[in-house]
Every structure is written in C-alpha cells, then in structure tokens.
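Student: I've got a structure to look at and some quick questions. Can you walk me through it?

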Amino acid sequence: NGGTYQKYIIKTTNYTLKKHDHIVYLSGAALTASLPAAATVDSIIYHIKNIHGDVTALIEPDGSETIEGIPTKVLGPADSTKIQSINNDRWVILGD
C-alpha cells in the first residue's frame, strides 16, 4: 500500500560506490565510502548512513572533485546524508 522498496547494501570495509548502488549503510570501524567520478554517474543520488555506533565514517569524492567545496564529508555515529552528482563534475548535499 504505497510503500517503496529500494535496494540497499551494508558495507563493513572501505567501499567504492557503484552506479547501481542507491542506499549504502556503513557498519565497520573507520570506513571510507569513495564516490565514483561524477561524470560517470551524472544525476545519481546516493543515500549514505553510518550505522556504526562508535566511530566516524568518511565520504570521499574521486580525484580533485569535492562535495560542495570540501574534499571529505565526515559522518558521525548514526549520521546520514543524501548526495547527488551534478554537471558531470561535482557533488552536492541534498540533505543530512
């Protein structure tokens, strides 16, 4: 009844997001989620959540790309973000 199903993955080691990923849960200690080059996934939206209760996780864009001007986004314990690639060259935060 009106529900939406979306594929998710849970990662316990460092991981480079793929074109088919949508929702990514980070569950290991001190993980880094690496974003692909924005041009290879233009307009994609990723939902990324740190489900580890004690440590931060990092989101790092490819090469010299940034996330709204910053080189690395930090997710504290239980933090999440929604991020989108735009203009084939950058990442923007749609919401935390």
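Student: Which residue forms a salt bridge with Asp96?

Tutor: Lys73 does. The closest N and O atoms are 3.3 Å apart. Keep in mind that this is a predicted model.

Student: Where do those two sit?

Tutor: Lys73 is in strand β7, residues 73-75. Asp96 is in the segment after β9. They are 23 residues apart in sequence, so the pair ties together separate parts of the chain.

Student: Is Asp96 buried or exposed?

Tutor: Asp96 is exposed, with a relative accessible area of 65%. Lys73 counts as buried, at 13% relative accessibility.

Student: How many salt bridges are there?

Tutor: Two. The other pair is Asp89 with Arg90, and their closest N and O atoms are 3.3 Å apart. Both residues are partly exposed: Asp89 has 43% relative accessibility, and Arg90 has 37%.

Student: New topic. What is the nearest side chain of opposite charge to Asp21?

Tutor: Lys7, and it is 5.7 Å away. A salt bridge needs the nitrogen within 4 Å of the carboxyl oxygen, so that distance is beyond the cut-off. Asp21 is buried and has no salt bridge.

Student: What does the side chain of Asp21 reach, then?

Tutor: The backbone nitrogen of Lys18, at 2.7 Å. A polar contact of 2.8 Å also joins the side chains of Asp21 and Tyr15.

Student: Where is Asp21, and what does it touch?

Tutor: Asp21 is in the loop between β2 (15-16) and β3 (23-26). Leaving out residues up to four places away in sequence, Asp21 touches Ile9, Tyr15, Thr16, Ile44 and Tyr46.

Student: Switching to backbone angles. What is phi for Ala30?

Tutor: About 50°, a positive value, although Ala30 is not a glycine. Most residues other than glycine have a negative phi. Ala30 is in the loop between β3 and β4 (32-34). With 56% relative accessibility, Ala30 is exposed.

Student: And what about phi of Asn88?

Tutor: Asn88 also has a positive phi, near 60°, and is not a glycine either. Its loop runs between β8 (80-86) and β9 (90-95). Asn88 is partly exposed, with a relative accessible area of 39%.

Student: Last one. Which residues make the nonpolar surface patch?

Tutor: Tyr8, Ile10 and Ile51 make it, and the patch is about 300 Å². Ile51 is in the loop between β5 (45-50) and β6 (57-60). Ile51 is partly exposed, at 38% relative accessible area.

Note on methods. Residues numbered from 1 in each chain as written. Predicted model: local features only at pLDDT ≥ 70, side-chain atom pairs only at ≥ 80, totals over all residues. Heavy atoms only, no water. Patch = residues over 30% accessible without salt bridge, like charges linked within 9 Å, V, L, I, M, F, W, Y side chains within 5 Å. Areas by Shrake-Rupley, 256 points an atom, 1.4 Å probe, with all protein chains shown as cover. Helix = DSSP H or I, 4+ residues; strand = E, 2+ residues; numbered from the N terminus. Buried < 20%, exposed > 50% of the residue type's maximum accessible area, 1.4 Å probe, protein only. Lys, Arg positive; Asp, Glu negative; His and termini not counted. Polar contact = N/O pair within 3.5 Å; in protein donor to acceptor, adjacent residues only side chain to side chain. Contact = heavy atoms within 4.5 Å.
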